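Okay, thanks for squeezing me in. Let's get the picture up on the screen, and then I'll walk you through it.

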Amino acid sequence: MEEKFVVYENWRVSPKKVMVHKSICGQANKDHSIGEKINDNWLINVHEPNDRWFGYFNSLHEAISFSALLPNRELKLCGHCLKDFKNSL
Ligand SMILES: [Zn+2]
């Protein structure tokens, strides 16, 4: 399966954050599958009170670059699905 990435934004936690995941990550698919949580409305029409998901990104670099565009958010990489990548930094 081709590897895709997703971005999770949460503005009710402190600090406000964005976290990058692989689309197959168990954390990203908790409660509902990631496909159900991603809206195609991107940065407009925010209906969610706490958080939202963005995707799909074709590379980790693309997901990180997008995350950096979201203002006032601490950028994090998932400690589960991107653990190997984090350790290689
Ligand atoms: Zn993850």
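Before anything else, when I say that two strands pair, I mean that DSSP finds at least two bridges between them. And please keep in mind that this is a predicted model.

With that, let's start at β1, residues 5-10. Who are its partners? On one side there's β3, which covers residues 51-57. β1 and β3 run antiparallel, with 5 bridges between them. If you want a spot to click on, E9 sits opposite R52 in β3.

The other partner is β2, residues 17-22. That pairing is antiparallel as well, and here DSSP gives 6 bridges between β1 and β2. The connection is a hairpin, with 6 residues leading from β1 to β2. You can follow the register along the pair: N10 faces K17 in β2, Y8 faces M19, and F5 faces K22.

Now stay on M19 for a second. Across from M19 there's also K76, which belongs to β4. β4 is residues 74-77, and β2 and β4 pair in the parallel sense, over 4 bridges.

So what order do the strands come in? Put together, we have an open sheet of 4 strands, β3-β1-β2-β4, with mixed pairing. β3 and β4 are the edge strands, each of them pairing on one side only. If you ignore direction, neighbouring strands in this sheet are turned by 20° against each other on average.

Okay, packing. In soluble globular proteins, nonpolar side chains tend to end up buried together. Here the largest nonpolar core has 15 residues, and the ones touching the most other members are V6, V7, Y8 and V20. At least two residues of this core come from each of β1, β2 and β3. β1 gives the largest share, 4 residues.

Let me zoom in on V6. Which residues does V6 contact once you leave out its neighbours within four places in sequence? The list includes H21, S23, A28, I34 and I38, and also W53, F54, G55, Y56 and F57. And β2 is mostly covered, by the way: 5 of its 6 residues are buried.

Next, a residue just off the end of that strand. I24 is in the loop between β2 and α1, with α1 being residues 34-37. Is I24 buried, exposed or somewhere in between? I24 counts as partly exposed, because it has 14 C-beta neighbours inside 10 Å, while being buried would take 20 or more. In sequence I24 is 19 residues away from F5, but their C-alpha atoms are 8.3 Å apart in space.

Now for the backbone oddities, which I guess is what this crowd came for. As background, most residues other than glycine have a negative phi, and most peptide bonds are trans. Where do we see something else?

Two peptide bonds to look at. The bond joining S14 and P15 is cis, with omega about 0°, and P15 is in the loop between β1 and β2. The bond joining G55 and Y56 is cis too, with omega about -10°. Y56 is found in strand β3, and both G55 and Y56 were on that V6 contact list.

Then the phi values. D31 isn't a glycine, yet it has a positive phi of about 70°. D31 is found in the loop between β2 and α1. It's exposed, because there are 6 other C-beta atoms within 10 Å, and the cut-off for exposed is 12 or fewer.

N72 goes positive as well, with phi near 60°. You'll find N72 in the loop between α2, residues 60-67, and β4. N72 has 7 other C-beta atoms within 10 Å, so it counts as exposed.

That's my tour. If you open the model yourselves, I'd begin with the β3-β1-β2-β4 sheet, then go to the cis bond between G55 and Y56, and finish on D31 with its positive phi. Okay, over to you.

Terms used:
Residues numbered from 1 in each chain as written. Predicted model: local features only at pLDDT ≥ 70, side-chain atom pairs only at ≥ 80, totals over all residues. Axes fitted to C-alpha atoms, helices over the stretch in contact; angles between N-to-C directions. Core = buried A, V, L, I, M, F, W, Y, C linked by C-beta atoms within 7 Å. Contact = placed C-beta atoms within 7 Å.
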